[in-house]
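Reader: I should be grateful for a close look at a single part of this model, namely the open sheet and the turns around it. Please then relate that account to the charged pairs and to the pocket.

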Amino acid sequence: QGNRRVDLVYSYTSLESVDDLLNQLSTSQTEILEIDPTVNTRIIGSQGTSIWIPANSLTLPDGSNPTGTVQVELKESYDIFDMITEGLMTHSGDQMLETGGMISVQAFANGQPLQVGEGQALTIALPGSMQQPGMELFMGVTDTQGNVTDWDPTQRPFEPSLAQLIDLPPLPTRKRTHFLNPAYSEEWSGYPAKPKKPQMPREPREIKRESVRYNPGLVKRLTLGKKKMEEIEEGMYQQKLDDYTERQRLYEQSMVQYKLDMDNYRQAKVDHQIAMETWIAQRIQDSLSYKAGGAEYQAKLEAYRARKKVIDAEYEEQMDIWREVKRRRLAAFEEEYDLAGSYQPNLVYQYFAQVNELGWINCDRFYNVPAEEKMELAIKDSDPEQDERVFVVFEEINSILKASKRGPIYTTQKVPLQAPIRIIGVKVVDGKAFLAELKSFVGAKGEYELEYRPCSLAEMAAALERTNRPG
């Protein structure tokens, strides 16, 4: 929400209390708009809030529908100045919140309060200068005087567009398609066979006479006699000698062939080396065809692009149909609602939600930081005998806390260390306004002390207005 200028003329009156002071400073006005509850109505607030109220969605406490006109009361609080004067804060329990704005919506029929009927919901849109993710709907918890004391999370998010709250067909799904680099697979059928080395023939072992012995059993020896045994032994030797001579001849022939085979093997090794180099060079050349710029790669890339072009065209055609359905349904939704209110917001960003109860409504998100990076603020009570209000305004986030009195000091929930802050104190002494301002950061002191000075209502309004601008 943009900064606004406070150009109010304050006349001096004796102030009765801090509440009286804040009421006189307040520039927030309750807008009262009369609507016909039996027709769809859209309310637009002076600061850009939109509320869509369906026909017959507001009921009396007994569940019946009101007759005649209904008065809808809208109060908008989008800046820190309004939050201070309205006594609003940004925390839920002991957790700090960052706000996108707060509104109060009430409805009455002949003085009787109304409620949102069972199964019904109002659609609301809160304006914003930018859209923060994670914003949720919080409902105000109030005391018997109607003052907001806490914010209750509903676990329902604010949406970034009205379309997300209207019954629309599901978005078309784009078919997933990916380009996969063509994989090169080596062709092994032409792999050069490694030549087999010839096996060298083994030379036969020479036969020695003393190594040939005839050793029959004892009975055989006694039967044959020594001479016969020598003859047999000699015959055995001659047989082995003949065998050796033949093996030697074959060996010599084999050696001649072996030498020829070795010559061929040496040449085959040279030829194999050349064949391997040629095969490897060809494989490298073939693989380059599958890399970027290569023929196989380009062919597959072109096929992918053609396929993707068809898929994209089909998706865009489906999206055009979906957009037209969305446009018609949004237009039909708007056309069903009569407009109440004179301000037409011209803001890029809005937060949308549906609510099923009236009261204070807050667009917030939890401001989460680790526990070890937070501390509780302590602000010394300047005068225990005087009623005072102490607020802590955060310079870099849209958040404000109201300090609670605990004995001789005012304390807050635990807040982020090193966060730049502005501590504002207001009080009334002898009917006059007093103001204290202190710029600092969280953790600068263990206990902060405020220095109050008397001021006019105009001076105090200008000081509080400065809280809407960082720095």
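Author: Two strands are taken to pair if DSSP finds at least two bridges between them. The model under discussion is a predicted one, and every value below is computed from it.

The part in question is an open sheet of five strands, in the order β18-β17-β21-β22-β23, with antiparallel pairing. β18, which covers residues 400-402, and β23 stand at the edges, and each has a single partner strand, so one side of each is left without a neighbour in the sheet.

The description may begin at the β18 edge. Strand β17, residues 388-394, is joined to β18 by three bridges, and the two run antiparallel. Within this pairing, V392 has L401 of β18 as its bridge partner.

Further across the sheet, strand β21 (residues 420-429) and strand β22 (residues 432-441) run antiparallel and are joined by 10 bridges. V429 stands opposite K432 in β22. At the other edge, two bridges join β22 to strand β23, residues 453-454, again in an antiparallel arrangement. Here F434 stands opposite P454 in β23.

The backbone around β21 deserves separate attention. As a general background, most residues other than glycine have a negative phi. Q418 departs from this sign: its phi is positive, about 70°, although Q418 is not a glycine. Q418 is placed in the loop between β20 (409-416) and β21. Because its relative accessibility is 55%, and the cut-off for an exposed residue is over 50%, Q418 counts as exposed.

A second residue with this sign of phi is found in the loop between β21 and β22, namely D430. The hairpin of these strands has two residues between them, and D430 takes a positive phi near 55° there. D430, too, is a residue other than glycine. With a relative accessible area of 74%, D430 is exposed.

The charged pairs may be considered next. The structure holds 22 salt bridges. Among them, R365 forms one with E98, and the closest N and O atoms are 3.0 Å apart. R365 lies in strand β15 (residues 359-366) and E98 in strand β7 (residues 95-109), so this pair ties together parts that are 267 residues apart in sequence. E98 is buried, since its relative accessible area is 7%, and buried means under 20%.

Another pair is E233 with R213, whose closest N and O atoms are 3.9 Å apart. The pair links distant parts of the chain, with E233 in helix α4 (residues 226-288) and R213 in the loop between β12 (148-157) and α3 (218-224), 20 residues apart. That distance of 3.9 Å falls within the 4 Å cut-off for a salt bridge. The partners belong to opposite sides of the burial cut-off: E233 is buried, with a relative accessible area of 15%, whereas R213 counts as partly exposed at 44% relative accessibility. Both take part in a network of salt bridges that links R209, R213, E233 and E234.

Helix α4 also contains a pair of its own. The side chains of R249 and E246 meet in a salt bridge, with 2.4 Å from N to O. These two residues are three apart in helix α4, which means that about one helical turn separates them. R249 is partly exposed, with a relative accessible area of 37%, and E246 likewise counts as partly exposed, at 37% relative accessibility.

A polar contact in another loop may be added. N40 lies in the loop between β1 (31-35) and β2 (41-44), and its side chain reaches the backbone nitrogen of A55 at 2.7 Å. N40 is buried, with a relative accessible area of 18%.

Finally, the pocket. The largest pocket has a volume of about 730 Å³. Of the 33 residues that line this pocket, the closest to its centre are E86, G146, N147, V148 and W360. The elements that give two or more residues to the lining are α1 (18-25), β5 (70-77), α2 (80-86), β7, β11 (136-142), β12 and β15. Two of these connect with the charged pairs described above, for β7 holds E98 and β15 holds R365. By class, the lining comprises 10 nonpolar, 15 polar and eight charged residues.

How values were computed: Residues numbered from 1 in each chain as written. Predicted model: local features only at pLDDT ≥ 70, side-chain atom pairs only at ≥ 80, totals over all residues. Heavy atoms only, no water. Helix = DSSP H or I, 4+ residues; strand = E, 2+ residues; numbered from the N terminus. Buried < 20%, exposed > 50% of the residue type's maximum accessible area, 1.4 Å probe, protein only. Polar contact = N/O pair within 3.5 Å; in protein donor to acceptor, adjacent residues only side chain to side chain. 1 Å grid on protein atoms, 1.4 Å probe; cavity = no way out; pocket = protein on both sides within 12 Å on 5 of 7 lines; lining within 4 Å. Points joined across faces, edges and corners; volume = space filled by probe spheres on them. Nonpolar A, V, L, I, M, F, W, Y, C, P; charged D, E, K, R; others polar.
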